[in-house]
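Colleague: I am new to this one. Could you show it to me and explain the terms as we go?

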Amino acid sequence: MQVQVLTLFPDMFPGPLQSSIVGRAMAGGLLELGVVDIRDHAHDNYRSVDDYQFGGGAGMVMKPEPVFEATEAAMAKLGSDAPVVLTSPQGRRLDQGMVYELAQMPALVIICGHYQGVDERVAEHLATHVVSIGDYVLSGGELPAMVLVEALCRLLPGAVGSSNSVEGDSITTGLLQHPLYTRPSIYRDWSVPDVLLSGNHAEIERWRRRQSLLRTFRNRPDLLQSAPLQPSDVAFLHANGYVKE
Ligand code: 9D3
């Protein structure tokens, strides 16, 4: 997959992406990551990339011309049908479904927003996807772009995790993963739950299922709404304080 990242802060890349799975994918040619300095597409002698907003108000807005022209230059290299992701707090929240959809593409352009935002014509007439990574305030779209690249990379055919059965499990259950333990069986007086050492696989599976249900109920009740639940799951949750809305 070819990814071109457009940013006002090209020094931030590849940054942490050169480690771990993404680094290996880049070294192995599975992922080609290009970084474009949007400022190189500025029009004037001051290399301006931002301006005051029409209508008044504090904060600067990224000008459309450098963003459009940097994107069009990137697409000339990648193919004009490559999706264009704009990172923005106003975007759709990134989830694994969106990552999966984008991972099917041979090429991708990611525009990193900065300042108060980007001239709306970019979202309206250039971006195919406007994406946020969650409800907290960052100073720009660079870290969100890295988050997206890392998530995509794991799904590329041949990358570590691309055929990860454990992940498949957690997607099909729609629940949070159960607790994991490894040796030693006792650490500082804290022992691993007996059931995991029992060798009784039916009991272990039942315990894991219940732990998944409890943590999902406590930490991500929103996920329970769409998780496929057995009557025995619902009964267990009810016995633990769950009331279906
Ligand atoms: C006062 C309104 N703010 C919007 C919620 C202003 C604002 C905050 C942060 C405008 C831009 C930014 C910079 N953030 C991003 O560009 C960004 C982001 C984020 O802050 N959180 C989660 N995902 C993303 S994707 C891009």
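Modeller: Happily; we will take the helices, then the sheet, then the domains.
This is a predicted model, where local features need pLDDT of at least 70 and side-chain atom pairs count only at pLDDT 80 or more, while totals for chains, interfaces and linings use all residues. Residues are numbered from 1 along each chain as its sequence is written, and side-chain values use heavy atoms, with hydrogens and water left out.

Colleague: Why are α1 and α5 called roughly perpendicular?

Modeller: Helix α1 (residues 20-27) and helix α5 (residues 142-153) pack at an angle of about 70°. Angles of 65 to 115 degrees count as roughly perpendicular, and therefore α1 and α5 are described that way. Helices here are DSSP runs of H or I with at least four residues, and strands are runs of E with at least two.

Colleague: Which residues make the contact?

Modeller: Ser 20, Ile 21, Val 22 and Ala 25 of α1 meet Val 149, Glu 150 and Cys 153 of α5, where contact means heavy atoms within 4.5 Å.

Colleague: What makes β3 and β7 edge strands?

Modeller: The open sheet has three strands in the order β3-β4-β7. Both β3 (50-52) and β7 (117-118) pair on one side only.

Colleague: How do you know that β3 pairs with β4?

Modeller: Pairing requires at least two bridges found by DSSP. Three bridges join β3 to β4 (residues 60-62), so the pair qualifies, and the two run antiparallel. Asp 50, for one, has Met 62 in β4 as its bridge partner.

Colleague: Where are the domains?

Modeller: Domain 1 spans 2-154 and domain 2 spans 186-239, with bounds from an automatic or database domain assignment. Their centres, taken over C-alpha atoms, are 40 Å apart.

Notes
Axes fitted to C-alpha atoms, helices over the stretch in contact; angles between N-to-C directions. Parallel < 35°, antiparallel > 145°, perpendicular 65-115°, else oblique.
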